[in-house]
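Q: Could you take me through one part of this structure up close? I would like to start at the end of one helix and then see what else is worth a look.

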Amino acid sequence: MTVTSPPQEPTAPRAVRRPGDRIFSGGAKGAGILILLILAGVTVFLLAESLPALTASAEELPGEGGLVSYVWPLIFGTLLSATIALLVATPLAVGIALFITHYAPRRLAQVLGYVVDLLAAIPSIVYGFWGIAWLAPRLVPFYRWLEENLGFIPLFAGPVSATGRTMLTIGLVLAVMILPIVSAISREVFTQVPTLHTEAALALGATRWEMIRMAVIPYGKSGVIGGAMLGLGRALGETMAVAIILSGSAAGITFALISSANPQTIAANIALQFPESTGLDVNTLIASGLVLFVITLLVNMLARWIVNRRADFSGAN
Amino acid sequence: MKLSTKTRATTLSVALASTLALAACGASNESETAGGGSDTGSGGGSELSGTLVGAGSSAQQAAMQGWAAGYNSVQPDVTVNYDPVGSGGGREQFLAGGTDFAGSDAALDEEELAQAEERCGPSGVFEMVNYIAPIAVVYNLEGVDELNLSPETVAGIFNQQITNWNDPAIAADNPDATLPDLPITPVNRADDSGTTDNFTEYLAAAAADAWPHEPDGVWPVPGGEAAQGTSGVVSAVGAGNGAIGYADLSQAGDLGVANIGVGEEFVAPSAEAAAAVVENSQTVEGRGEYDFAIELARDTTESGNYPIVLVSYHIGCIEYDEQETADLVKDFMGYVISEEGQQAAADAAGSAPISDGLREQNQSAIDAITAG
């Protein structure tokens, strides 16, 4: 944690340090250190509070078979819902971003960009209500069709949920929720593609699609991945929408996306069980929170690593 | 001048004393405006003032709002603060001395009773059922307006052994109904809840053969449709044709409500039938004199009793350190069990008023509350 400052020779005349400079540099340094302290504080809290659950014997813990068998289906549910969301949202977001930056007329692009950003401002509880009251019942006939025609694929195995509150539904709702983040960042990097690159491609006789494929996408790839990872972070941690919509129970590991039996996600499980929990049950929930914390940390580190690795040959230089 | 100084000193010392007393009581998170106006020695009728702090069962929350509002018209200077942290949390806070009374869906267990002795002294605690709410088995089945279900059938449906509405077991209970060929979607609570705890307790007691699971606040059978909260269950049942779930009777709305088999007959849930089963239940032996923890007669066969009920206790000390607290608890509990108080809860939460027999029993505990 050293603050990089321009190299200074000890003999060079000292710059005049006014009180304002000192106060500001102290404040900035303090803010930086505070972030680390908060992160460390959260880590220490999670570790200390989950310790009783980590050391307790299997019989004392909720569920059967100990902590790992309790948390594992939750991890699976969390990753599954977030993966569906990412698979749906990323191509859509890239498409939106490309349309706004390269296809849409200027005025339409502005309006469209504004509307997509507005999606990010909708509170997740509202998405929850929308999902359960509007989207889920309308998906039921579609799910019936899926089971009848594609039921041989394990993903669409029956019996179909009568209410539509399934893993696929929550994946779609999460996709809508992360769409604005991914598309905003993609849009940002696509607009930064050097005009020279695009003009050169067009001058060589490329069509617009070829230009996008050869100049825009390679340049923006790292930004898109970074945006997708940020979206993934939100999808992993989403709580209220999942708690309301998903019909999650102790269903274990199942890839059936359209039935009533779904694994719950970590965040939603904590929100649902915490109010009536006491003693060791609380420690167990905090331990599952620790797992979520580690997962999101890993995702962020992965995103950073990918972005840094790509930065060297992105064409930006 | 001299006089005014003296007055101020007295006021200060009173304030200080009450602050200290409060600290001893442990009501730390409540800024209390103890006016010191509580008349010592008289339980009801007199003007009381102060703040009563309780915490616990979220099932009682709506009823408690009704009680707090109703009590406010009787004793306008008393504030009742109730934090619906959950039954376990409520018992914990009360035993730690953080609150004056607890609301809990379950009575204290052995370990907690020992702790209660530390909290309240040798005279122990009172535990009384002041809140009774019938739990209805609600269903959504087009063309079937009346549904009878024996305990074994209910257990079979919720254990996912009976999976279609035209199952012979359901037909046997309903000889006159035309049951469709439709898969059953059982809906359960996704969150840890007292409703689930009471419902599974009923199934385990009344249909042990068809229900192999332990009673628990977390729904034990995987694979059913899970929904958050009573409102979530009601809307999920409403949304899916062929769905069946369990919810507070007061929240059932337009959904069909099943009659439950008790002995030879089928009983519809109602306030009277729910109060009757509590009245007919045995008080657990070997606890304190005013500890009216009951063993609910879930497997009752008595006519007119509806056994799927959620009961919630009020738990407090027989002997409080502070006269003021004792007066407040005594007066408030007196209001809660009164006909007026029970009606307030029924209006606010749709609960079933307690019977006169229960009221008499609980009154004896309230009369015993003192300060020492």
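A: In this predicted model, helix H5(B) is followed by Gln160(B), a residue whose phi is positive, near 60°. Step back from Gln160(B) into the helix itself, which covers residues 151-158 of chain B. Is helix H5 of chain B mostly covered or mostly open? Mostly covered: 8 of its 8 residues are buried. You can pick them out one by one in the view: Pro151(B), Glu152(B), Thr153(B), Val154(B), Ala155(B), Gly156(B), Ile157(B) and Phe158(B). It helps to remember that an α-helix has 3.6 residues a turn, so residues three or four places apart point the same way.

Now let us turn to where the two chains meet. There, 23 residues of chain A are in contact with 28 residues of chain B. On the chain A side, helix H8 (240-245) and helix H9 (266-273) each supply at least two of the residues that touch chain B. Sorted by class, that side of chain A has 11 nonpolar, 10 polar and 2 charged residues.

Finally, stay in chain A and find Asn283(A), which sits in helix H10, residues 280-311. Asn283(A) counts as buried because 21 other C-beta atoms lie within 10 Å, and the cut-off for that label is 20 or more. Setting aside its neighbours within four places in sequence, Asn283(A) is in contact with Glu49(A), Ser50(A), Pro52(A) and Ala53(A). For a sense of scale, try Pro141(A): from Asn283(A) it is 142 residues away in sequence and 41 Å away in space, C-alpha to C-alpha.

Methods. Residues are numbered from 1 along each chain as its sequence is written. Chains are lettered from A and ligands numbered from 1 in the order in which they are written. This is a predicted model: local features need pLDDT of at least 70, side-chain atom pairs count only at pLDDT 80 or more; totals for chains, interfaces and linings use all residues. Helices (H or I, at least four residues) and strands (E, at least two) are DSSP runs, numbered from the N terminus. A residue is buried if 20 or more other C-beta atoms lie within 10 Å of its own, exposed if 12 or fewer, and partly exposed in between; C-beta atoms are placed from the backbone. Two residues are in contact if their C-beta atoms, placed from the backbone, lie within 7 Å. Ala, Val, Leu, Ile, Met, Phe, Trp, Tyr, Cys and Pro count as nonpolar, Asp, Glu, Lys and Arg as charged, and the others, Gly among them, as polar.
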